[in-house]
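Subject: Structure for you to look at

Dear colleague,

I am handing over a structure that I would like you to read through at your own pace. Please open it first, and then compare it with my notes underneath.

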Amino acid sequence: MTTATTRHSDRRISPVFIGIVAVMAVTGWATWTGFAEQPGVAVFLFVTAAWIVSLCLHEYAHARTALHSGDISIGAKGYLTLNPLKYTHALLSIVLPVIFVIMGGIGLPGGAVFIERNRIRGRWRHSLISAAGPLTNVLFAVVCTAPFWLDALDGVPAEFQFALAFLALLQVTAALLNFLPVPGLDGYGVIEPWLSYQVRRQVEPLAPFGLLLVFAVLWIPAVNGVFFDAVDALLRGLGIDELRTYCGQNLYRFWTQTDQFCMVGR
């Protein structure tokens, strides 16, 4: 791979990202210890901050892989600082995914780092750049679910378990949606370098509408059921049952009527 050089300031972690991590840490501690008077508020802030952190890491993975694949312009664009405000479309990468989590509890794939693909040689490198983002979501899901499949939950407060379960749900849905071979999503970016020029030209006009198409299809009850059945099956395989994800989402949406069953730790 190409050895890329960037200025030290281009790699310095942004104070914005550090602040988000600090919110995640403090509210995670508040959820664990029961310090928060309103556990739902602590869960909401913890999961939201952790979700934004994962979105930043998703974009960073794209950028870092592109840097070492030949696009040395990445550093100057601020993508290596983990600052979400540096993304080409912060609305698509941060704001909309957070809104979708608040509204429906689904991990909306973002994506807004501009990569100069003409600088990169080799189909494998192009595919790896596209795959790097959703693979970060997969890694995040593994970390969130590790206490469950390692059977290491002794002493872990119920609310924190629920928060981790819901966060894992978001990561799994984001990874699955991102890996769909639909124009505009990372899954299509993985296979695009291997398609013929004619196919790529025919598909290219659909890219701006790919995500909208996916969510339109997910509105179909039968498709929605199959998708979430697959998500639940993956989570069960990782040791998380539907009750935990339900309670995690229930606590997260603290402004609604909270199910008292999910307050067992209080």
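The notes below go from the whole chain to single residues.

Please keep in mind that this is a predicted model. The protein chain holds 11 helices and 0 strands, so that, read from the N terminus on, one α element follows another along the whole order of elements. Of the 266 residues in the chain, 50% are buried, and the accessible surface comes to about 13200 Å², with 67% of that area belonging to carbon and sulfur atoms. When contacts between residues at least 6 apart in sequence are considered, 74% of them join residues that are at least 24 apart.

The largest nonpolar core has 64 residues, and the members that touch the most others are Val47, Trp51, Ile74 and Leu167. Several helices give two or more residues to this core, among them helix 3 (39-67), helix 5 (123-149) and helix 6 (158-178). If you follow Trp51 and set aside its neighbours within four places in sequence, you will find it in contact with residues that include Pro97, Val101, Leu108, Asn137, Leu167 and Ala174.

Lastly, you may wish to look at alanine 230, which has its place in helix 10. Is alanine 230 buried, exposed or partly exposed? Because its relative accessible area is 36%, alanine 230 counts as partly exposed, a class that lies between under 20% for buried and over 50% for exposed. The C-alpha atom of alanine 230 is separated by 9.6 Å from that of threonine 173, although the two residues are 57 apart along the chain.

With best wishes

How values were computed: Residues are numbered from 1 along each chain as its sequence is written. This is a predicted model: local features need pLDDT of at least 70, side-chain atom pairs count only at pLDDT 80 or more; totals for chains, interfaces and linings use all residues. Side-chain values use heavy atoms; hydrogens and water are left out. Helices (H or I, at least four residues) and strands (E, at least two) are DSSP runs, numbered from the N terminus. Buried means under 20% relative accessible area, exposed over 50%, partly exposed in between (1.4 Å probe, protein chains only). Contact means heavy atoms within 4.5 Å. Accessible areas come from the Shrake-Rupley method with a 1.4 Å probe; for residues, only the protein chains shown count as cover. A nonpolar core is a set of buried Ala, Val, Leu, Ile, Met, Phe, Trp, Tyr and Cys residues joined through side-chain atoms within 4.5 Å.
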